[in-house]
Amino acid sequence: MTITIRSITTILDEVLTEGGRPVEPTARTAIVLAVLQNPWAGQGFVEDLGPLIDEVAPQLGKLLSDRVVDALGASVEAFGKAAIVGLDGEIEHGSGLIHTLKFGNHFRDAANATTLLPAVEKRAAAGATFDIPLKHVTDATIRSHHQTVEARLADAPRADEIIVGLAAAAQGRPQARLAPLASER
């Protein structure tokens with residue numbers, strides 16, 4: 001099965017100042033969102049999602065990971081993933097696509113990551129906002145890299161679509177200054 005993608009949106013956020021001080025180097029975060037036809041749309045309850053997950057998730061994972069790393073234009077230090085399923089789909093449809101190594105390992109490999117890829121998923125109407133959680137790519141306890149980026153597409157997802165997104169940051173939060181988690185033990 002070939003993925004039917006209606007649109008791909010790339011967002012690059014560059015924070016130049018935070019707390020009244022310059023951010024040096026500039027804090028860069030990239031988000032890539034693909035709006036695709038829900039591969040289970042119109043089929044009613046599908047007992048076994050596996051065959052379409054096996055076909056669609058690897059294609060989507062490769063496409064999005066290549067694009068988000070390219071858009072970031074720097075080494076990835078923090079990453080996350082997300083899905084919003086349109087109102088005629090099931091949350092399980094979005095989860096099935098992003099919660100598989102066949103999807104996530106493309107991003108892990110591209111980011112030289114070893115940690116769990118944090119995620120969020122929900123069902124919502126077009127224009128819904130979602131927050132994509134980010135964590136450090138090799139150590140999820142590094143507090144400076146715990147951050148969230150917001151994404152929203154005004155015309156998606158339509159009822160029979162899914163938005164799948166990846167986010168990557170080249171650093172932790174701008175002006176991060178919390179003590180390491182290890183300091184509290």
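Which residue in S4 does Val 85 stand opposite? Arg 123. Hold on to that pair; I'll come back to Val 85.

One caution before the tour. This is a predicted model.

Start with the fold. The protein has 3 helices and 7 strands. The order along the sequence is β-β-α-β-α-α-β-β-β-β. The radius of gyration is 17 Å, close to the 16 Å that the globule rule gives for 185 residues, so the protein is as compact as a globular protein of that length. Along the principal axes, the C-alpha atoms fill a box of roughly 50 × 35 × 30 Å.

Now contacts and surface. Take contacts between residues at least 6 apart in sequence: 75% of them join residues at least 24 apart. Of the 185 residues, 44% count as buried. The accessible surface comes to about 9,100 Å². Carbon and sulfur atoms hold 50% of that surface.

Charges next. I have 17 positive side chains and 23 negative ones. The centres of the two sets lie 6 Å apart.

On to strand S3, residues 78-85. Is this strand mostly covered or mostly open? Mostly covered: 8 of its 8 residues are buried. Look at the two faces in turn. One side carries Ala 78, Gly 80, Ala 82 and Ile 84, all buried. The other side carries Phe 79, Lys 81, Ala 83 and Val 85, also all buried. Note the lysine in that second set.

Which strands does S3 pair with? Take S7, residues 161-169, where the pairing is antiparallel over 8 bridges. Within it, Gly 80 stands opposite Ala 167. Then S4, residues 119-123, which runs parallel to S3 and is joined by 5 bridges. That is where Val 85 faces Arg 123 across the pairing. Last comes S5, residues 129-136, antiparallel to S3 with 2 bridges. Here Phe 79 stands opposite Lys 135.

One more residue: Asn 38. Find it in the loop between strand S2 (21-37) and helix H1 (50-72). Is Asn 38 buried or exposed? Buried, because its relative accessibility is 3%, and the cut-off for buried is under 20%.

What does Asn 38 touch, leaving out residues up to four places away in sequence? Val 85, Gly 89 and His 93 are on the list. So are Asp 160, Glu 161 and Ile 162. There is Val 85 again, this time as a contact of Asn 38.

To recap Val 85: a buried residue of S3, set opposite Arg 123 in S4, and touched by Asn 38.

Technical notes
Residues are numbered from 1 along each chain as its sequence is written. This is a predicted model: local features need pLDDT of at least 70, side-chain atom pairs count only at pLDDT 80 or more; totals for chains, interfaces and linings use all residues. Side-chain values use heavy atoms; hydrogens and water are left out. Helices (H or I, at least four residues) and strands (E, at least two) are DSSP runs, numbered from the N terminus. The radius of gyration is taken over C-alpha atoms; the globule rule is 2.2 Å times the number of residues to the power 0.38. Buried means under 20% relative accessible area, exposed over 50%, partly exposed in between (1.4 Å probe, protein chains only). Contact means heavy atoms within 4.5 Å. Accessible areas come from the Shrake-Rupley method with a 1.4 Å probe; for residues, only the protein chains shown count as cover. Lys and Arg count as positive and Asp and Glu as negative; His and the chain ends are not counted. The place of a charge is taken as NZ of Lys, CZ of Arg, CG of Asp or CD of Glu. Two strands pair if DSSP finds at least two bridges between them.
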